[in-house]
Every structure is written in C-alpha cells, then in structure tokens.
Amino acid sequence: MSIFVAYPFGSILYHAFTRWDGITPSQWVGTHNFRVLWDDPIFRNALKNNAIFALSVPIQLVLPLIVAFAIHRQVPGWRLFRATIFLPAVYATAVIGILTATVLQLNGPLNEALGGIGLDGLEREWLGGASTSIPLILLVVVWTNFGYNVLLYLAGMSAIDPSLEEAARIDGAGWMRILASIVVPNLRRVLEIVLVVNTITAFAFMFTYVYTITNGGPGTDTYVSEFYIYQQAFTNQNMGYAAAIGVTLVDALKQSEKQVHG
C-alpha cells in the first residue's frame, strides 16, 4: 500500500504545486497550476465531455436492471441471453476501441454496408466531429459495461428471499409491481455500487475509449480529463500541470461519491 498507493499519491499531490518536466528538478510554483487550470478552455471542454458521458449513468442503472430481472425470472432463452450480454465485458477495452474505430472510419464496414443497401445519404465521417463521435463512444461504453451491470444485479437478486416474489404473485402483482416494490428496495446497495462505479468510469476510465477510437480528435473535440492528463504529462512533458489536473479530478470524484452515499 505504501509503495503502490501512498507514495504515488503523495508524489502527485506535491508535484501539483510544481513546474516539472519529469526529468529535471521540479520548481515550486504554489497554486499557479490550479489557477491556470480553471481558465484552460481545453480542460473545461474535457470536463464537459466527461459530464456528457456521465449522462449514460441513468441508462446503465435502468436498462441492465430490467434485463437482469427478465433473466432472473428465466424468460425463454435466458441462459443464451446471460452469456451473450456479458460477452463484451470479456474483451479488452483497447480491442473494442480499435474495432469500433475500424468499423466507423470513412471507408469502413458501416459506410460500405449503408451504401450496399442503397442508403448512401446516411454515409458520413462518423468520427469527424464531436456531434457524432461522442454519442458513438457513449454507446460503446454502455454496450461494454452492460453485461457487468447485469451481473451485479443478478448477484443481488439471488439474495432476495424467493417467498417475497411468490407471495406477491399470489396476490396478483404483475412483474412491474414486483420489480418496483420488492426487487428495487432490496437492491439499494447494489444500485449504489452500479451508480458509483459507472460515474467513476465516466470521469476516470474513458482514456482507452478516446485514445483508441478518436485519439482526442478532431482537434481537441473529444478530449476527456484523463486523456488531457496523458497529453500534458507525456506529450508536453508538463508533469506538474498534469498532476494538478489529476488532483482536481480525484477531489471531484470523492465529493460525488460522498453525495451518493449521503
């Protein structure tokens, strides 16, 4: 814990108040990095994109819950559904990102398929602007995390006393009433976990998607905060500024987690 958590975090916290290129000795600059940070239009745009990705959190709360409930009730083909829905979570995020970029490129399979069925008017450069690339990345994130969220809900539902659902069905309750009045109240802790995990993902685990699908482009349109940290640290050799971004992001995530548990 000291080597891999405490020391790195302490080092980042210290260097957030310095000007440092990662090689030469750092220079103490106080709060300069943080003052510059909040006037940085690229950082503000990156945070805005993170917030857009966070809009997917309600979707990732509700849809997997409904699917998990259907599998829990063993609808026809439930074993096949359980396997196929979880399949995207098995693949590495980098693999999914590279495949997505390949499919969505200008001369990629998607445009070829649209042209092949006579829908040439729908062909476009899908990753050529934030208006299309950000929603597509968001869709990929939802698809990738869907199976993991379903699995969490299924684990929670397995701990619910079956007699509660049986009694409700005897009293004439439909599946919506059972879901709303029995399942959801008993999944409160699981719902909190799904909410926190997916919120953290939207703000701190988008790097691989952005790096492999758009590389932040076009320009800086699809930058997210962790991708900007990478650019500042390893492209611009501005480690101190990157550390300041990281500290700010961690503090924001801690505050949001407190609000969820509060």
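1. T214 counts as buried, because its relative accessibility is 13% and buried means under 20% relative accessible area. This residue lies in the loop that runs between α12 and α13, and, with residues up to four places away in sequence not counted, T214 touches L127, S133, I137, Y209 and T222. The model under discussion is a predicted one, and the points below should be read with that in mind.

2. T222, one of the residues that T214 touches, is likewise found in the loop between α12 and α13, and T222 is buried, with a relative accessible area of 1%. Once the neighbours within four places in sequence are left aside, the contacts of T222 are N49, S133, I134, V210, T214, G216 and G217. The side chain of T222 also reaches the backbone oxygen of G217, at 2.7 Å. As for its position relative to V67, T222 is 155 residues away in sequence and 31 Å away in space, C-alpha to C-alpha.

3. Turning to the interior, the largest nonpolar core has 28 residues, and those with the most contacts inside it are F53, I137, M206, Y209, V224, Y228 and I245. Two or more residues of this core are given by each of α3 (41–54), α6 (93–104), α8 (130–157), α12 (207–213), α13 (225–235) and α14 (239–261), and the largest share, six residues, comes from α8. I137 and Y209, both named among the residues with the most contacts inside this core, are also among the residues that T214 touches.

4. Y228, another of the residues with the most contacts inside the largest nonpolar core, touches D40, I42, F43, Y223, Y241 and I245, if residues up to four places away in sequence are not counted. I245 in that list is itself named among the residues with the most contacts inside the core. There is, in addition, a second, separate core of 21 residues, which includes F69, Y153, L154 and I178.

5. On the surface, I59, V62, L63, I66, W175 and M176 make a nonpolar patch of about 570 Å². The elements that give two or more residues to the patch are α4 (57–72) and α10 (175–186), and the largest share, four residues, comes from α4. W175 has its place in helix α10, and W175 counts as partly exposed because its relative accessible area is 42%, a value that falls between the limits of 20% for buried and 50% for exposed.

Note on methods:
Residues numbered from 1 in each chain as written. Predicted model: local features only at pLDDT ≥ 70, side-chain atom pairs only at ≥ 80, totals over all residues. Heavy atoms only, no water. Patch = residues over 30% accessible without salt bridge, like charges linked within 9 Å, V, L, I, M, F, W, Y side chains within 5 Å. Areas by Shrake-Rupley, 256 points an atom, 1.4 Å probe, with all protein chains shown as cover. Salt bridge = Lys/Arg side-chain N within 4 Å of Asp/Glu carboxyl O. Buried < 20%, exposed > 50% of the residue type's maximum accessible area, 1.4 Å probe, protein only. Core = buried A, V, L, I, M, F, W, Y, C linked by side-chain atoms within 4.5 Å. Contact = heavy atoms within 4.5 Å. Polar contact = N/O pair within 3.5 Å; in protein donor to acceptor, adjacent residues only side chain to side chain.
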